Amino acid sequence: MEIGVSGDQGNDPFKAPRRRPLPMPPLPDGTETQILKPAAQRLGWHPFYIPMLRNSVPYNGRSGCMRCRWCCGFACECDAKCGTQNTVIPAALATGHCELRTRSLVAGILLDAKGRARAVEYFDERNRRRTQTADLVVVSGGRSNPPACC
């Protein structure tokens, strides 16, 4: 529950089994929902709230969504959008047991004799080949530059 998810899966026919409910209620219905939900129901459809990585109420020291309509493609001005950049990464760094290495490129994951990941070879920001051993290796990838066409 570190990241926080809002929603209500009560009417979701596709929901996966859960031991606990989502930690936050769904965001309040907007004008679109007030129009589209009854229309979908008249067609025999079963609309439901989807889980969202957005705080609907204050959660873990971050405010609830203020419904500014800029969620897609923009930073959240009230820090209600939930991502690793404002949830688990700052918490991990605060423990003193985690180090974030940006501008690095992984060359390979080294395995021990039992096939468990035990180290990462990477190129640092100065293009030097480095090896970092670890008890736990977490692989997380992303794209730093958008494709030229977009």
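Here is an informal back-and-forth on a predicted model and the labels given to some of its parts.

Reader: Let's start with the salt bridges. What makes Arg-116 and Asp-112 a salt bridge?

Author: The closest N and O atoms of that pair are 3.2 Å apart. The cut-off is within 4 Å, so the pair gets the label.

Reader: How do you know whether Arg-116 and Asp-112 are buried, exposed or something in between?

Author: Check the relative accessible areas: 39% for Arg-116 and 24% for Asp-112. Buried means under 20% and exposed means over 50%, so both residues end up as partly exposed.

Reader: And what makes Arg-129 and Glu-121 count?

Author: Their side chains come to 3.3 Å, N to O, and that falls within 4 Å, so this one is a salt bridge too.

Reader: What about Arg-130, which partner does it have?

Author: Arg-130 pairs with Asp-124, with 3.2 Å between the closest N and O atoms. Asp-124 has 11% relative accessibility, which is under 20%, so Asp-124 is called buried. Arg-130 has 32%, so the label there is partly exposed. Elsewhere, Asp-112, Arg-116 and Arg-118 are joined into one network by salt bridges that share partners.

Reader: How many salt bridges does the rule give for the model?

Author: Six.

Reader: On to the backbone. Why is phi of Asp-79 worth flagging?

Author: Most residues other than glycine have a negative phi. Asp-79 is not a glycine, and its phi is positive, about 65°. Asp-79 is found in the loop between α1 (31-42) and α2 (88-94). With 33% relative accessibility, which is neither under 20% nor over 50%, Asp-79 counts as partly exposed.

Reader: What is the story with Arg-103?

Author: Arg-103 is also a residue other than glycine, and its phi is positive, near 55°. Its place is the loop between α2 and β1. As for the surface label, 69% is over 50%, so Arg-103 is exposed.

Reader: What makes the nonpolar surface patch, and how do you know that Leu-111 is exposed?

Author: The patch is made by Val-106, Ile-109, Leu-111 and Val-139, and covers about 390 Å². Leu-111 lies in strand β1, residues 105-111. Its relative accessible area is 55%, over the 50% needed, so Leu-111 is exposed.

Reader: Now the empty space. How many cavities of 30 Å³ or more are there, and what lines the largest cavity?

Author: The count is one, and the largest cavity has a volume of about 30 Å³. A cavity is called that because a probe fits there but cannot get out. The lining residues are Arg-54, Cys-65, Met-66, Arg-67, Cys-68, Cys-71, Cys-76, Cys-78 and Ala-80. By type, that lining has seven nonpolar residues, no polar ones and two charged ones. Cys, Met and Ala count as nonpolar and Arg as charged, so the two charged residues are Arg-54 and Arg-67.

Reader: What about the second largest pocket, and which residues are closest to its centre?

Author: That pocket holds about 540 Å³ of space. Of its 23 lining residues, Leu-27, Thr-33, Met-52, Arg-54 and Arg-67 are the closest to the centre. The lining divides into 13 nonpolar, four polar and six charged residues. A pocket, in contrast to a cavity, is an open set of points, so the two get separate names.

Definitions and conventions: Residues are numbered from 1 along each chain as its sequence is written. This is a predicted model: local features need pLDDT of at least 70, side-chain atom pairs count only at pLDDT 80 or more; totals for chains, interfaces and linings use all residues. Side-chain values use heavy atoms; hydrogens and water are left out. Patches are made of residues with over 30% relative accessible area and no salt bridge: like charges are joined within 9 Å, nonpolar side chains (Val, Leu, Ile, Met, Phe, Trp, Tyr) within 5 Å. Accessible areas come from the Shrake-Rupley method with a 1.4 Å probe; for residues, only the protein chains shown count as cover. Helices (H or I, at least four residues) and strands (E, at least two) are DSSP runs, numbered from the N terminus. Buried means under 20% relative accessible area, exposed over 50%, partly exposed in between (1.4 Å probe, protein chains only). On a 1 Å grid over the protein atoms alone, a cavity is a set of points where a 1.4 Å probe fits but cannot get out, and a pocket is an open set with protein on both sides within 12 Å along at least five of seven lines; lining residues have an atom within 4 Å of a point. Grid points are joined across faces, edges and corners, and a volume is the space filled by probe spheres set on the points.
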